[in-house]
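Here are my notes on the metal site and the empty spaces, point by point. Have the viewer open while you read.

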Amino acid sequence: MKKILGILIISSIISCSSKSDIKNSNYLNNRDPLIQKEYIELPLGQIQPQGWLKMMLEAQQDGSTGQLDQLYPLVMGERNGWLGGDGDQWERGPYWIDGLLPLAYILEDEELIAKTKPWIEWMISSQREDGYFGPQQDYENNEPGLQRDNSGDWWPKMVALKVLKQYYSATNDERVPTLMLNYFRYQYEQLPKTPLDNWTFWARYRGGDNLMMVYWLYNITGENFLLDLAEIIHHQTEDFTGDFLNRARLSQKGSIHCVNLAQGFKEPIIYYQQAKDKKYIDAVKTGLKDLKTFNGFPNGMYGGDEALHGDNPTQGIEFCSIVEFMFSLENMLQITGENDFAELLERIAFNALPTQATDDFMNRQYFQQVNQVKISKHIRNFDINHHGLDNCFGLLNGYPCCTSNMHQGWPKFIQNLWYATPDNGLAAIVYGPSKVNALVADSIEVSLAEYTNYPFENTIEILVEDIAEACSFPLYLRIPTWSENFSLEINGKVAEIKKDESNNLIIYRLWNKDDRVIIRFEAKIGISRWYENAATVERGALIYALKMNENWSVVRNNETIKSQGETYYEVDSDSPWNYALIDVPENKIQDHYLVKVNVNHDLYPWNIENSPIEITTKAKRLPYWTMYNDMAGPMPYSIKWGNEVSPDDEEITLIPYGCTTLRITEFPLIGEHKVN
Ligand SMILES: [Zn+2]
């Protein structure tokens, strides 16, 4: 079995606190007076992806994540300020390592671990006597394409703290808590004089990232000033609690930057750990509801290109907002145990995330669209444009924050497939093919395998591959809200269903090697309603979009916009896209859509060639729904009665949204639904 790091962590805290503070005796939960988290993250490296999820990390390993220093040398090379150089000093270097480091340790890739080392070592060695760390040189030269943080901006340090926390999780390097303690003492001194928004508004909106690291260190050290610092940071951060409870902001286009919002969503719940007032959780739930109502898309994301921009399915979704929203949901889930956050996390990870990068993880879009029928150099109706290249695939087109930040999505999602629970058990609350090594009960090592093709198939099989000795512990498994029926089998026999208060299955038993649990969730076709009453086909954790032919062509950038990369890709199609779905009564929906599942375990699943699921149905062309501004034109409203139905029905094929590049996802609905 792999070396288990949990014991090392516990031994370092026993010296400064009594063990009765901590309910889980194997892993560190919050220290008093903070609330206990519902789920505890396991040390980095204890969860290994399998199956298709492993393919995602391998694509990143061979793709841009593994070689961004060579692909983007101006910023990620040795001139980077976070390596002591005279180059970029801002967020981009730490962003890359925030994804590369967990990827490298999860895959145990020594070469990639070695790439992270100079960054870690420089971060640690850069710390001044007064506690400041990070780049601090002033430059006169302002070379295009570089971001200089010669101002002391608090923001890029927040990303570096996230990197260091993960590095500590993988290695237990004691220099990390020491650095953070010194830095937080510096912040405690300086923030009253130079608050979070002293230099940029980014730090004020993203203070929740700073706050979560203060609590993390408090749990290790128990230093009381950290709780006072936490209050200072919370009060200097944008008042997201007020923004969500007042309900005005999320209904206004342009009212907030999409990435600030994605990161800010977690702040009220991060602070809830200390404030213990349920209003912070209620605020986030209200905010999520309003976000969906006014800006929501069926892939779990929202219109924000870069400012918040409503729910028209041709508005953009920035890659950074996807990975940051996922990170917020992961942290909110750990603290509260609320399954709504798990469901939204899966919806984004299994729909929006796979489609914004190419299969080889070498190119990405700055903005993706839910109804996306053409990818071309063209100025669309986005809040911002970069030479019209914002929905093209490339490495640097749009703005390079996403080039640097997109790497954290999959590795952190994998870190959240398994949690320790306060009662010394384990929980699988979001699903995916994986293996976990962990300590349960009274420090007993156990190794579980989760065999599944979820979300393409909805059977989850959990096998006890190894256990140091037979022991009792609880295993928690989420029941998705879309699964009306499910069955549970333990060692070949139908088992009694027991649930906890979050509606999770709880299996508490004496576990032995080779014990096997199988749950079969039932997924049915569902129709959800969106912009202008449009319809999206859903089934299980996946949403479906029109399958279209894709013609990819590479275009060389001209000299004047070399900051947008050497080349980019356009994608066009000869497939018609202006279809309406046919509105059928609720009791006929299952027969109206024919589902074919054909999973090939050896193939990368997220493209039109390998799509593991196809749904065929009847649809009608709407000749008046045409192209506008290189996009699907204004969405016909889905009226319930009186639509002209012509020409004849055609059969169309829908595939998982994440498999498409060109697509219609929100369809008008047309006619036929008559009163009997
Ligand atoms: Zn970005």
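1. A definition before the volumes: a pocket here is an open set of grid points with protein on both sides within 12 Å along at least five of seven lines, and its volume is the space filled by probe spheres set on the points. By that reckoning the second largest pocket comes to about 520 Å³. Keep in mind throughout that this is a predicted model.

2. Staying with the second largest pocket, its lining is made up of 21 residues. If you want to centre a view on it, go to L396, K562, S563, G565 and E566, which lie nearest the middle. The class split for this lining is ten nonpolar, eight polar and three charged residues.

3. Now the largest pocket, which holds about 920 Å³ of space. Its lining has 36 residues, with K292, E343, R347, T481 and E538 nearest the centre. Several elements give two or more residues to that lining: the helices α15 (279-295), α17 (339-355) and α20 (589-592), plus the strands β15 (525-529) and β16 (535-539). Of these, α17 makes the largest contribution, with six residues. As for character, the lining of the largest pocket counts 15 nonpolar, seven polar and 14 charged residues.

4. On to enclosed space. How many cavities of 30 Å³ or more are there? The count is four. The largest cavity has a volume of about 680 Å³, and the second largest has about 80 Å³.

5. The largest cavity has 34 lining residues, and the ones nearest its centre are K37, E41, K165, W216 and Q334. At least two lining residues come from each of β1 (40-41), α7 (155-171), α10 (207-221), α14 (267-275), α16 (319-336) and α19 (409-415). Which element gives the largest share of this lining? That is α10, with six residues. By class, the lining of the largest cavity divides into 17 nonpolar, eleven polar and six charged residues.

6. For the second largest cavity you can list the whole lining: M56, A59, Q60, F319, L353, P354, A357, T358, D359, F361, W410 and Y604. Both α2 (51-62) and α17 supply at least two of these residues, and α2 has the largest share, with three. Nine of the lining residues are nonpolar, two are polar and one is charged. Note that α17 turns up here as well as in the lining of the largest pocket.

7. Last, the zinc ion. Its protein donors are E318 through OE and C320, C401 and C402 through SG, at 2.0 to 2.3 Å. Along the chain the spacing reads E-x1-C-x80-C-C. Why call the arrangement tetrahedral? Because the angles subtended by the four donor atoms run from 97 to 122°, and the rule asks that all angles lie between 85 and 135 degrees.

8. A quick check on two of those cysteines: are C401 and C402 buried or exposed? C401 counts as buried because its relative accessibility is 7%, with the cut-off for buried set at under 20%. C402 is buried too, at a relative accessible area of 0%.

Note on methods. Residues are numbered from 1 along each chain as its sequence is written. This is a predicted model: local features need pLDDT of at least 70, side-chain atom pairs count only at pLDDT 80 or more; totals for chains, interfaces and linings use all residues. Side-chain values use heavy atoms; hydrogens and water are left out. Donors are N, O and S atoms within 2.8 Å of the metal (3.2 Å for Na, K and Ca); water is not among the atoms, so sites may look incomplete. Four donors count as tetrahedral if all angles lie between 85 and 135 degrees; four count as square planar and six as octahedral if opposite donors are over 155 degrees apart and all others between 65 and 115; anything else is irregular. Buried means under 20% relative accessible area, exposed over 50%, partly exposed in between (1.4 Å probe, protein chains only). On a 1 Å grid over the protein atoms alone, a cavity is a set of points where a 1.4 Å probe fits but cannot get out, and a pocket is an open set with protein on both sides within 12 Å along at least five of seven lines; lining residues have an atom within 4 Å of a point. Helices (H or I, at least four residues) and strands (E, at least two) are DSSP runs, numbered from the N terminus. Ala, Val, Leu, Ile, Met, Phe, Trp, Tyr, Cys and Pro count as nonpolar, Asp, Glu, Lys and Arg as charged, and the others, Gly among them, as polar.
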